[in-house]
Amino acid sequence: MKKETKEKLSFASKAVYYDPDPESKSLNAPIYLSNNFQYDAEIYQQIVDGDRVEANIYGRCGNPSEYKFEDQVALLESADGCLAVASGMAAVSTTWFALLKTGDHIVSDWTTYSSTHEMFDHRLTDFGIETTFVDTTDIEQVRQAVTDRTKIIYFETIANPTMQVPAIPPLVELAHSRNIILVCDNTFASPYLIRPLEWGIDIVVESASKFMGGHNDVIGGIIAIKTGLLPADFLHQLRWSSLTKLGGALSPFNAWMLLRGLQTLPVRMERQSKSAMTLARHLDAHPAIQRVWYPGLTSHPQHDIAKQQIPKFGAMLTFEVEDGPAAVKVCAALELCAFAASLGSVRTITQVPATMAFLDVPPEQRERMNIHDGMIRVSVGLEDPDDLIRDFDQALSNTHC
Ligand SMILES: *Cc1c(COP(=O)(O)O)cnc(C)c1O
């Protein structure tokens, strides 16, 4: 299909359609299980001459199965280009390595994925890159934190695990008036719910291990970009100066698994978001629950912003019970829902962020991030919502919450 025709399709049609393989005509993409590719004289000469080489060379630098996945993600994210990598954290670190140097400054939201926060707070400081943490829902805080050295403003479209939804337009206006690159993590929303590049964001990083893959069976990550503020050859730099050096290449098999996962992303997100709304409403009315954070509830502090940016509100919610031990008891008492680390799959998964993902963040900082000990994060899956409600009710009553 012609590129222009493909671009005119709706998201759901883009997600399922693939051009048949030109050689075999197979509907699904072949998996290229090869880590080496034969040179010809011309490629050899280009490499020797130090020219930019876009050909297949070695598996760490790219593989045709990955290119197919990258093209598909670029189409779905409305991106000018995409790089596939081995994990969500490889997406984050590969992006930093391409953009930052000693002396640069970052403004990040307080609340981000735990490993991302630790990178900002510890690892990047070792390289002389400082981060100022702010609440990005308050644009004045962001404005005050920005300095002449600020290279990046960073946030999550739906923050982990507080479900905070920062307004994007004021961030874009501020960042671009100062030539600052806006990077956001879109893992909790997925491109089906929001395409941040269409809102003016420069770079989207995402863990494909979550909603994109959708079945808890693959680890992967993506970096999707809009050229504009970025150098014209930024995608090339990302691949050849950053990914190839850091080494976080996606395996061809995982690229294929992710291509398959993307085909059902729209139906999964649609159904999982609906069930999340049903469950959020039920939990909100439950006497044992102190509070529910779900962008679709009118009690959510950014509900009006979420209505514009993420109108289907997503499949992630957080609620709070009395304290940490009670939260663990509830998760362990669930029968249908899993008590596990990750999210974004067909199964409903719960976790206690304070003592699981954010265990290494000191308690005072966790409070600053609005992560309370009694919080339970829920990634709502494809089960019947009535069964989910029954499972949460029995877990809450059996633990005498
Ligand atoms: C899981 C996750 C990551 C890291 O992704 P991996 O694929 O596990 O490396 C980054 N950001 C968010 C919001 C996540 O949920």
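**View 1. Tyr39 and the nonpolar surface patch of the predicted model.** Tyr39 sits in the loop that joins helix H2 (11-16) to helix H3 (41-48). The model shown here and in the views below is predicted. With 39% relative accessibility, Tyr39 counts as partly exposed. Together with Tyr44, Ile47 and Val48, Tyr39 makes a nonpolar surface patch of about 370 Å². Another member of this patch, Ile47, belongs to helix H3. Ile47 is also classed as partly exposed, because its relative accessibility is 32%, which falls between the limits of 20% for buried and 50% for exposed. Ile57 follows Ile47 by ten residues in sequence, and their C-alpha atoms are 9.9 Å apart.

**View 2. Lys25, a residue with positive phi in the loop between H2 and H3.** Most residues other than glycine have a negative phi. Lys25 has a phi near 65 degrees, which is positive although the residue is not glycine. The loop that holds Lys25 runs between H2 and H3, and Tyr39 of the first view is found in the loop between these helices too. Is Lys25 buried or exposed? Its relative accessible area is 59%, so Lys25 is exposed.

**View 3. Ser78, a residue with positive phi after helix H4.** The place of Ser78 is the loop between H4 and strand S1 (81-85). The phi of Ser78 is near 55 degrees, again a positive value in a residue other than glycine.

**View 4. Helices H4 and H11.** Helix H4 covers residues 64-76 and helix H11 covers residues 252-263. Their axes come within 8 Å and cross at roughly 30 degrees. This angle makes H4 roughly parallel to H11, since angles under 35 degrees are counted that way. The crossing of H4 and H11 is left-handed.

**View 5. Helices H5 and H10.** Helix H5 is made of residues 88-99, and helix H10 of residues 234-246. The two axes approach within 9 Å, with a crossing angle of roughly 115 degrees. H5 and H10 are therefore roughly perpendicular to each other, as the range for that class is 65 to 115 degrees. The handedness of the crossing of H5 and H10 is right-handed.

**View 6. A salt bridge between helices H10 and H4.** The count of salt bridges in the model comes to 13. One of them joins Arg239 to Glu70, with 2.8 Å between the closest N and O atoms. Which parts of the chain does this pair tie together? Arg239 is in helix H10 and Glu70 is in helix H4, so the pair links parts that are 169 residues apart in sequence. Both residues, Arg239 and Glu70, are buried, which means that each has under 20% relative accessible area.

**View 7. A salt bridge within helix H6.** The side chains of Asp126 and Arg123 form a salt bridge, at 2.9 Å from N to O. Both residues lie in helix H6 (residues 114-126), and because they are three residues apart, about one helical turn separates them. Asp126 has a relative accessible area of 52% and so is exposed. Its partner Arg123, at 46% relative accessibility, counts as partly exposed.

**View 8. A salt bridge within helix H7.** In helix H7 (residues 139-145), Glu140 and Arg143 are three residues apart, so about one helical turn lies between them. Their side chains meet in a salt bridge with an N to O distance of 3.3 Å. Glu140 is partly exposed, with a relative accessible area of 39%. Arg143 counts as partly exposed as well, at 41% relative accessibility.

**View 9. The cis peptide bond before Pro161.** Most peptide bonds are trans. The bond from Asn160 to Pro161 is cis, and its omega is near 0 degrees. Pro161 is found in the loop that leads from strand S4 (150-156) to helix H8 (168-177).

**View 10. Ser345 in the loop between strands S10 and S11.** Strand S10 (338-339) and strand S11 (349-351) are the two ends of the loop in which Ser345 is found. How accessible is this residue, and what does it count as? Ser345 has 1% relative accessibility, so it counts as buried. Gln309 is 36 residues away from Ser345 along the chain, and the C-alpha atoms of the two residues are separated by 23 Å.

Methods. Residues numbered from 1 in each chain as written. Predicted model: local features only at pLDDT ≥ 70, side-chain atom pairs only at ≥ 80, totals over all residues. Heavy atoms only, no water. Patch = residues over 30% accessible without salt bridge, like charges linked within 9 Å, V, L, I, M, F, W, Y side chains within 5 Å. Areas by Shrake-Rupley, 256 points an atom, 1.4 Å probe, with all protein chains shown as cover. Salt bridge = Lys/Arg side-chain N within 4 Å of Asp/Glu carboxyl O. Helix = DSSP H or I, 4+ residues; strand = E, 2+ residues; numbered from the N terminus. Buried < 20%, exposed > 50% of the residue type's maximum accessible area, 1.4 Å probe, protein only. Axes fitted to C-alpha atoms, helices over the stretch in contact; angles between N-to-C directions. Parallel < 35°, antiparallel > 145°, perpendicular 65-115°, else oblique. Left-handed = near helix turned anticlockwise from the far one by under 90°.
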